[in-house]
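Trainee: Could you take me through the pockets in this model, with a close look at what lines them?

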Amino acid sequence: MSKGTLFIVTAPSGAGKTSLVNALIELAGEKNLCVSVSHTTRTLRPGEENGVNYHFVSKDAFMTMLGKGEFLESAEVYGNHYGTSQLKVDEKLRAGVDTILEIDWQGAQQIRNLAPNVCSIFILPPSLESLNQRLTERGQDGAETITSRMQQAVDEISHVAEADFVVVNDDFDAALADLQAIIRVRRLTQTSQQSNQSKLLDELTRQC
């Protein structure tokens, strides 16, 4: 059975990361692609659903899981804890399903140290002004929180050089097309094809 590829998607809050990834998953040509649902201690927001957007857990429950080594990566962001289930990710990859992790730069560094072959993608806003506008217009945070997120965004963006690919989300459709292209290119690398097309390669290289 072929093994799936692990993708990391990182972006400052408000850059459109989740919207782009959700649209990518919904595309007809991306049947063999999923998003890992992270655990978090933050409060569920309007329109979110437990088990779909995140697994919402108490801080005590999160710390228990962390102590047992159940997270592939974990980080504290804006005072809330986030973590990716090692078991769930391993299950998907073993089944040959390409898996996306939507995580911050801290988690991305942890994953790269554990899995050097991971493919990392960084999504940038077209400007800090547009990022501030997006955070304001979505109406989820107060002015003080938005200021904090903007300060955090500058630090987050400073880690862009650590990614394999960079996508600027100025035009949504264009950014989505870029994400599609990255997924396709990664699937066509020699390493991926050696795994996914092993039977064909054996037949083609078999001596008559």
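Mentor: Sure, and one term up front: when I sort lining residues, Ala, Val, Leu, Ile, Met, Phe, Trp, Tyr, Cys and Pro go down as nonpolar, Asp, Glu, Lys and Arg as charged, and the rest, Gly among them, as polar. Keep in mind that this is a predicted model.

Let's start with the largest pocket, which holds about 1100 Å³ of space. It is lined by 39 residues, and those closest to its centre are Lys-17, Thr-18, Arg-45, Tyr-54 and Glu-102. Two or more lining residues come from each of α1 (17-26), β2 (33-35), β5 (71-77) and α6 (143-157). Of the elements, α1 puts in the most, with five residues. By character, the lining of this largest pocket splits into 16 nonpolar, twelve polar and eleven charged residues.

Now for the second largest pocket, at about 530 Å³. Here 26 residues make up the lining, with Lys-3, Gly-4, Thr-5, Leu-6 and Leu-93 closest to the centre. The elements giving two or more residues to it are α3 (86-94), α4 (105-114), α7 (172-187) and α8 (190-196). The top contributor to the second largest pocket is α3, with five residues. Sorted the same way as before, its lining comes out as nine nonpolar, eleven polar and six charged residues.

So if you're clicking around, begin at Lys-17 and Thr-18 for the largest pocket, then go to Leu-93 for the second largest.

Key
Residues are numbered from 1 along each chain as its sequence is written. This is a predicted model: local features need pLDDT of at least 70, side-chain atom pairs count only at pLDDT 80 or more; totals for chains, interfaces and linings use all residues. Side-chain values use heavy atoms; hydrogens and water are left out. On a 1 Å grid over the protein atoms alone, a cavity is a set of points where a 1.4 Å probe fits but cannot get out, and a pocket is an open set with protein on both sides within 12 Å along at least five of seven lines; lining residues have an atom within 4 Å of a point. Grid points are joined across faces, edges and corners, and a volume is the space filled by probe spheres set on the points. Helices (H or I, at least four residues) and strands (E, at least two) are DSSP runs, numbered from the N terminus.
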